[in-house]
Amino acid sequence: MIAHELDLAEEEFELHCLEADVAANRVPEGVRRAMYPHELDSRINFVAIANETTRQGERLARTLVDFRSEFLALLLADISRRSSASEIAASLQRLPLYGISSIPQVPGAVEQAESIVRTAMTDIALTAAASVQHEAALQGVTIPALSALTVFGEQAVQVQAARVVIGPHLELAKAVTDAVARLPQTTQIEEVLAIARRSALELSVKPLENLGRQAAASSIGIGRVDAPTTTDLLPRRFASELLDSNTCTPCERVDGTEYFDELSLRHDYPRGIYVHCEGIWQCRGTPLYVWSREF
Ligand SMILES: [Zn+2]
């Protein structure tokens, strides 16, 4: 009975702390645990991170929608140059291998898109690094600003940008290829074009919104991981997966983990988000640092 009452009291206290965190605007709505002491000590602002992820994610998603339109235009122009439905089908079969694309302009367009996304992701990462600098200042510690990403940060951005950009292209190529493959060989080019255009326009923007959000979350994480490299002062480092109904099981498991060196943190957050995360754009995880306290 006493143990049961203690459990209830603990639950009530936890709920009280969570309500206080929400009321103080430290965590977004929907979070189902109170902040840990090390999270409070780190002075991290999860609400600001969540808002920034949404804002930048929407921005990146709009860029991805533009890339998809550009790719569609190249695709339709290529289809209109072919002389038969079977020739179109053969050409489309090679399309997903964009590196050796059957459309000469595609690799250049993909490269340009990657460069635009890399620049946007780098800006987001540097802003996130500045917010870690601000958290350090709130803890009473001065760390120099990060003027450019480290090699780790740059590589992480490069890998993630390539993944993000190829998504819309592959999805569009597949939708058009599948639609055209169902047509009889005798179909007129005009009709193939109309079907290709229609199948592309029917694609949802949802996957691009998710990709944009993933890229934003990743950029923020990359900047946060890079931020403490400007100082010799050693922080305590933690994985912080603010749990809500969307948090995936691997992220829930890593939540609260302390890393005793930078390498092991980078191993778990190689692209700014937890390496085994299955929720991708839904999870809220990020590394955080505590300099201020002796534990
Ligand atoms: Zn996750």
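How many Å separate the centres of domain 1 and domain 2, taken over C-alpha atoms? In this predicted model, the answer is 40 Å. The domain assignment places domain 1 at residues 1–35 and domain 2 at residues 47–231.

A look at the whole chain helps to set the scene. The protein contains ten helices and three strands. Their order along the sequence is α-α-α-α-α-α-α-α-β-α-β-α-β. Measured out along the principal axes, the box filled by the C-alpha atoms is roughly 80 × 50 × 30 Å. Of the 295 residues in the protein, 38% are buried. Among contacts with a separation of 6 or more, 77% are made by residues 24 or more positions apart.

The interior comes next. In general, nonpolar side chains in soluble globular proteins tend to be buried together. The largest nonpolar core of this protein has 70 residues, and V117, M121, A125 and V176 have the most contacts inside it. Two or more residues come from each of α3 (46–81), α4 (85–94), α5 (105–138), α6 (151–181), α7, α8, β1 and β3. Helix α5 gives the most to this core, with 13 residues. Both domains take part too, since the core draws at least three residues from each of domain 1 (1–35) and domain 2 (47–231). For a closer view, M121 can be followed to its contacts: leaving aside neighbours within four places in sequence, M121 is in contact with V157, Q160, A161, A215 and S219.

Helix α7 is a good place to practise reading a helix. What span should the 13 residues of helix α7 have at 1.5 Å a residue? The expected value is 18 Å, and the end C-alpha atoms of α7 (residues 189–201) are 18 Å apart, so the two agree. The buried residues of α7 are V192, A196 and A200. Seen down the helix axis, these buried residues fall within an arc of 65 degrees, and therefore they line one face of α7. On the face turned away from that buried side, α7 carries the exposed residues E190, R198 and L201.

Helix α8 (residues 206–226) offers another residue to follow, V225. Is V225 buried or exposed? V225 counts as buried because it has 30 C-beta neighbours inside 10 Å. Apart from its neighbours within four places in sequence, V225 is in contact with L265, R266, Y269, G272 and P287. V225 and L243 are 18 residues apart along the chain, and their C-alpha atoms are separated by 20 Å.

The strands come together in a sheet. As a general point, strands of a sheet pair through backbone hydrogen bonds, either parallel or antiparallel. Here, three strands form an open sheet in the order β2-β1-β3, with antiparallel pairing. The edge strands are β2 and β3, each of which pairs on one side only. Strand β1 (residues 236–240) is mostly covered, with four of its five residues buried. Between β1 and β3 (residues 286–290) there are five bridges in the antiparallel sense, and R236 stands opposite V290 in β3. Two bridges join β1 to β2 (residues 258–259), and these strands also run antiparallel. In this pairing, F238 has E258 of β2 as its bridge partner.

One last stop is a residue with an unusual backbone angle to look for. Where is R43 placed? R43 sits in the loop between α2 (37–42) and α3. R43 is not a glycine, although it has a positive phi of about 65 degrees. With 20 C-beta neighbours inside 10 Å, R43 counts as buried, because a residue is called buried if 20 or more other C-beta atoms lie within 10 Å of its own.

How values were computed. Residues numbered from 1 in each chain as written. Buried ≥ 20, exposed ≤ 12 C-beta atoms within 10 Å, placed from the backbone. Contact = placed C-beta atoms within 7 Å. Expected span 1.5 Å × (residues − 1). Arc of directions from axis to C-beta. Pairing = 2+ DSSP bridges. Core = buried A, V, L, I, M, F, W, Y, C linked by C-beta atoms within 7 Å. Domains from an automatic or database assignment.
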